[in-house]
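This report describes a protein chain and its ligand, moving from individual residues to the chain as a whole. The model is a predicted one.

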Amino acid sequence: MHGFASVGECMIELSGQNDTQWHMGFAGDTLNTAWYVRALTQPDFAVDYITAFGDDAFSNQQMAFLNENGIATNKSPIIKGARPGLYAITLTGAERSFTYWRNDSAARRLAENPAHLLESLKTRKMIYFSGITLAIILPEHRQSFLEVIKQCRAEGAQIAFDPNFRPALWPDHNLARELITQAMRSSDIALPTLPDEQALFGDADGQACAARLTGLGVKEIIVKDGTDPAIVQFEGKQVLVPSVKANAIDTTGAGDSFNGGYLAARLKGATAEEAAAQAHQVAARVVECRGALMPMQTAHDLFMR
Ligand code: ADP
């Protein structure tokens, strides 16, 4: 078993609106996590981003961007005629709003061929995905996706999951609850954020959230809650790990980078408590920058000192 694979959707992001001039970037929750795992484990661990790409110029740019930054994409299918999802960030004063074009994105078909998906995931030491991954996968492919995850787990991969509940991506709360709960039952490491869990499951507090996930059989649980301490529960022991002070200017990707910091540390043999401390360090620096991704080398130099 070797390497880390993150499964989900990488989108084209348009930002910095200035009349008709836009800046194009790449974004996605599972990509952000893969990014920080790569920054914090290079060169020791292979990091793969598993999705489905289109065969257009923008998909080519996405792949080139990931590959240039040491994240492999060659296990992901390229679907003829498909295109990546797109979103734009517009500003009204300081208020940000998001417009999406993602209904027919290539990534929605990442589980179209389960045998291929299994082939591209198995033998990984760790596989990560999120509730956004589940939400964007075409409804008729979701069960086969979860079967592939279970199969990889049965063959020895560790499964890490962040529910990342985004109401707009789900037709109703019941379906989200059902699928996210199924994913939890197949996970070794849960990385929820408390307000998301409260919105979907009505947990009274972090303890209630951790107890619910323990009841589903998850053995390693980290409940994030902004600047409040994270609850870290592992091997029957629970500790609170305080966050790191930051001059936050943009919290985009805070939870994703926390997950990256945590999983990278665990891959390298840190304890759950040490990993959560590193995760807070990473997230605290990320919220001090605009956007979710700081340059790969900067992240590596900052956190690998
Ligand atoms: P999400 O991005 O999923 O909503 P949180 O808001 O819980 O997640 O933030 C995730 C992590 O990011 C926190 O556990 C903490 O480490 C860090 N973080 C978020 N906001 C701040 C902040 N203002 N100052 C320092 N760290 C922060």
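## The surroundings of S130

Apart from residues up to four places away in sequence, S130 touches D29, T30, F161, D162 and N164. With D29 there is also a polar contact, in which the two side chains come to 2.6 Å. S130 belongs to strand β8, which covers residues 126–130. Its relative accessible area is 0%, so S130 is classed as buried, the limit being under 20%.

## The surroundings of D196

D196 is part of helix α7, residues 194–201. When neighbours within four places in sequence are set aside, the contacts of D196 are N164, F165 and R166. N164 is thus named among the contacts of S130 and among those of D196.

D196 has a relative accessible area of 15%, and because the limit for burial is under 20%, D196 is counted as buried. Between the C-alpha atoms of D196 and T271 there is a separation of 26 Å; the two residues are 75 residues apart along the chain.

## The ligand site

The ligand is surrounded by 13 residues, of which T193, G226, V244, G255 and H280 come nearest. Oxygen atoms of the ligand are approached by polar atoms of the protein. For T193, a polar side-chain atom lies 2.9 Å from a ligand oxygen. For H280, a polar side-chain atom is found 2.7 Å from an oxygen atom of the ligand. G226 takes part through its backbone, with an N or O atom at 2.6 Å from a ligand oxygen. On its own the ligand has 550 Å² of accessible area, and the protein covers 82% of this.

Three elements, β11 (220–225), α9 (254–267) and α10 (272–286), give two or more residues to the shell around the ligand. The most comes from α9, which gives three residues. Sorted by class, the shell comprises six nonpolar, five polar and two charged residues.

## Backbone features in loops

The peptide bond between Q42 and P43 is cis, with omega at about 0°. P43 is located in the loop that runs between α1 (29–41) and β4 (47–50).

Positive phi values occur in two residues that are not glycine. T123 has a phi of about 80° and is placed in the loop between α3 (114–121) and β8. Its relative accessibility is 37%, so T123 is partly exposed, a class that lies between 20% and 50%. E235, with phi near 50°, sits in the loop between β12 (228–234) and β13 (237–241). Here the relative accessibility is 68%, and E235 therefore counts as exposed, for which the limit is over 50%.

## The chain as a whole

The protein chain contains eleven helices and 13 strands. Its radius of gyration is 18 Å, close to the 19 Å that the globule rule gives for 305 residues, so the chain is as compact as a globular protein of that length. Taken along the principal axes, the box filled by the C-alpha atoms is roughly 50 × 45 × 40 Å.

Of the 305 residues in the chain, 53% are buried. Among contacts with a separation of 6 or more, 70% are between residues 24 or more positions apart. The chain has an accessible surface of about 13,300 Å², and carbon and sulfur atoms account for 51% of this surface.

Methods. Residues numbered from 1 in each chain as written. Heavy atoms only, no water. Near = heavy atom within 4 Å. Polar contact = N/O pair within 3.5 Å; in protein donor to acceptor, adjacent residues only side chain to side chain. Areas by Shrake-Rupley, 256 points an atom, 1.4 Å probe, with all protein chains shown as cover. Helix = DSSP H or I, 4+ residues; strand = E, 2+ residues; numbered from the N terminus. Nonpolar A, V, L, I, M, F, W, Y, C, P; charged D, E, K, R; others polar. Rg over C-alpha atoms; globule rule 2.2 N^0.38 Å. Buried < 20%, exposed > 50% of the residue type's maximum accessible area, 1.4 Å probe, protein only. Contact = heavy atoms within 4.5 Å.
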